[in-house]
Amino acid sequence: MLQSFITSFQLKNAYRVNSIIYSINQLPLIKRILPRKLYQSKGLKTLGNVISAFMEIIGTFLGKGLYVILGIFLMCKVYQTPTENTFTHIFLFLTFAGAVLNTYMFNPTKDKYYALIIMHMNAKEFTLSNYFYTMLKVFAGFMPFTIIFGVMAEVPLWICLVLPIFVVMVKMIFSTYLLCDFEKTKVARNENLPTKVLWGTVFILTAVSYGLPYLGIVVNQTIFIAVLVISVILGILSFYKIIHFTQYKEMYKQILTRDNVYAVKKQTSTKVIKENVSKKIAFDSSITSNKKGFAYFHDLFVKRHKKILTIAVKKQAAVISVILLGIIMAVRINNGFAVIVNGMLLTYLPYFVFIMYLLNRGTTMTQAMFMNCDYSMLTYRVYRTPKVILGLFKERLKTLIKVNLLPALVIATGLPILLLLTGGTDNYLNYVVLFISIIAMSIFFSVHYLVMYYVLQPYNVNTEMKSSTYKVVQTITYFVCYYMIQIKLPTWSFGIAISVFCIFYSIISLFIAYRYAPKTFKLRV
């Protein structure tokens with residue numbers, strides 16, 4: 001079994017290292033100094049292995065840490081129920097939901113496909129060695145965070161130590177249930193294609209997890225300990241079943257089909273995306289415009305893509321309005337919650353950088369621009385002239401800013417109102433700063449994504465994304481915005497700083513677009 005694990009781990013690592021080397025080779029400047037025979041370079045392979053090991057460690061701890069901090073610990077502060085009971089209550093039901101959605105054993109991954117279908121490795125040895133390695137990572141990944149944040153939530157230390165074991169046991173219990181189901185029905189479940197019943201179960205468990213504490217109802221420590229003991233007993237029995245199950249080969253023959261393994265790739269492939277985008281285009285000959293030149297051309301595009309652009313943001317604005325109204329009702333009912341919200345509005349403005357990042361439609365709009373306009377038009381020389389490129393850029397920038405401003409205006413208006421209703425502030429300029437900073441963030445992301453698209457145009461003639469630089473900038477943008485969640489600064493100082501930054505960044509980005517877009521905005525090979 002150990003040899004099977006070593007072989008499978010080497011296989012997965014080789015695939016990961018080759019992917020890393022390929023990505024490095026796509027970076028500008030760097031690819032010019034790299035050796036031609038990249039995959040034979042010991043230096044690059046060593047670097048790839050270091051990055052791979054780092055990814056393995058980060059994958060073990062990062063997601064679980066964020067899950068415990070954001071999904072459980074910080075949520076405990078929202079409710080008036082005892083913190084220790086709220087922590088274990090949320091942890092309990094989210095663990096059940098996670099076990100239903102993610103078993104690992106029934107996940108059709110590429111490394112399983114290569115090992116079991118192509119290389120014909122022993123199915124049982126491969127499954128058991130990798131499954132228990134994954135459970136070990138689950139245990140190790142949760143342990144430091146359940147101890148640190150569990151103790152901060154006043155949960156007894158011994159329970160904090162046992163919580164990772166509880167997660168592992170629940171996952172094994174559900175995996176065993178699916179194994180027994182396969183023995184009866186001879187139908188293997190694919191966890192990447194959950195049924196409506198599973199989604200309904202997850203929804204109910206999540207609602208119970210976060211909804212009951214709002215009503216003042218939480219599972220107390222006694223009940224939690226009873227569930228914990230039962231889970232450990234059933235987990236031990238499940239462990240016995242897992243190691244004595246004899247039909248792994250038959251089960252994986254069903255799960256590891258090419259359609260299942262490459263399902264995610266198929267769903268996110270440019271062909272499928274293009275088909276989905278095309279379905280949302282209005283092919284109505286009566287659609288016209290009174291504008292002229294670039295404005296006319298762009299206005300027709302916007303009107304025919306209403307479902308992608310304007311309708312989507314209207315739904316965003318409606319959902320945000322409902323959320324704000326719900327919070328307003330909650331703060332009017334619960335004075336303690338009002339105090340918490342007031343404090344958050346005066347210190348958590350950096351959090352909204354990430355929210356505005358998520359709401360921005362820049363990626364969707366530029367994708368639609370390429371697949372339903374630029375993909376064809378860039379083949380014409382006249383469309384690649386500086387006058388046409390910059391003319392359309394101006395029209396598109398105005399539209400993208402207008403589109404993103406709708407949900408931004410709802411937030412920018414709602415936050416000052418919420419601040420006023422929760423007790424207000426001594427510094428009345430905080431109301432103005434809240435409004436202006438949200439608008440500035442919205443404009444910033446509109447400019448950022450459009451400039452990225454024009455300067456780094458990532459697609460080739462087959463509508464495949466081929467620019468590693470574009471992906472790197474996307475990744476950096478995500479992590480910077482996500483990092484803002486961790487920052488707590490006074491609304492006044494951060495609001496002024498972020499607004500000034502957004503203005504200067506936008507000016508510089510527009511200069512870069514006007515300077516380089518005529519040279520870089522073209523189809524990739």
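Q: Are F393 and Y454 buried or exposed?
A: This is a predicted model: local features need pLDDT of at least 70, side-chain atom pairs count only at pLDDT 80 or more, and totals for chains, interfaces and linings use all residues. Numbering runs from 1 along each chain as its sequence is written, and side-chain values use heavy atoms, without hydrogens and water. Relative accessible area (1.4 Å probe, protein chains only) sets the classes: buried under 20%, exposed over 50%, partly exposed in between. F393 and Y454 are both classed as buried.

Q: What is the angle between the ring planes of F393 and Y454?
A: Rings of Phe, Tyr and Trp (its six-membered ring) pair if their centres lie within 6.5 Å; planes under 30 degrees apart are stacked, over 60 edge-to-face, the rest tilted. The F393 and Y454 centres are 5.1 Å apart. Their geometry is edge-to-face, with the planes at 85 degrees.

Q: Which helices does the F393–Y454 pair link?
A: Helices are DSSP runs (H or I, at least four residues), numbered from the N terminus. The two partners are 61 residues apart along the chain. F393 sits in α19 and Y454 in α20, residues 429-456, so labelled because helices are counted from the N terminus. The link is between α19 and α20.

Q: How many aromatic pairs are found in the whole structure?
A: One aromatic cluster takes in F354, Y357, F444, F445, Y478, F479, Y482, F501 and Y505. For the whole structure, the search returns a count of 30.

Q: Which elements give two or more residues to the lining of the largest cavity?
A: A cavity is a set of points on a 1 Å grid over the protein atoms alone where a 1.4 Å probe fits but cannot get out; lining residues have an atom within 4 Å of a point. One cavity of 30 Å³ or more is counted, and the largest has a volume of about 40 Å³. Its lining consists of Q316, M356, L359, N360, N404, P407 and S442. The elements giving two or more of these are α17 (351-359) and α19 (386-421).

Q: What is the relative accessible area of E154?
A: E154 is not a glycine, yet its phi is positive, about 70 degrees. The loop between α6 (123-152) and α7 (157-185) holds E154. E154 is exposed, with a value of 58%.

Q: What is the phi of K186?
A: K186 lies in the loop between α7 and α8 (196-214). K186 counts as partly exposed, at 43% relative accessibility. Although K186 is not a glycine, its phi is positive, at about 60 degrees.

Q: How far apart in space are N460 and L523, C-alpha to C-alpha?
A: N460 belongs to the loop between α20 and α21 (468-483). N460 is buried, at 4% relative accessibility. N460 and L523 are 63 residues apart in sequence, and their C-alpha separation is 5.3 Å.

Q: Which residues does W492 touch, not counting those up to four places away in sequence?
A: W492 is in helix α22, residues 491-520, and is partly exposed at 36%. Its C-alpha is 9.2 Å from that of L349, 143 residues away along the chain. Contact means heavy atoms within 4.5 Å. W492 touches N427, L429, N430 and V433.

Q: Over which residues is the pLDDT below 50?
A: pLDDT is the predictor's confidence in each residue, from 0 to 100. The protein averages 81, and 81% of the residues score at least 70. One stretch is below 50, with nine contacts in the model beyond near neighbours in sequence. That stretch is residues 263-270.

Note on methods:
1 Å grid on protein atoms, 1.4 Å probe; cavity = no way out; pocket = protein on both sides within 12 Å on 5 of 7 lines; lining within 4 Å. Points joined across faces, edges and corners; volume = space filled by probe spheres on them.
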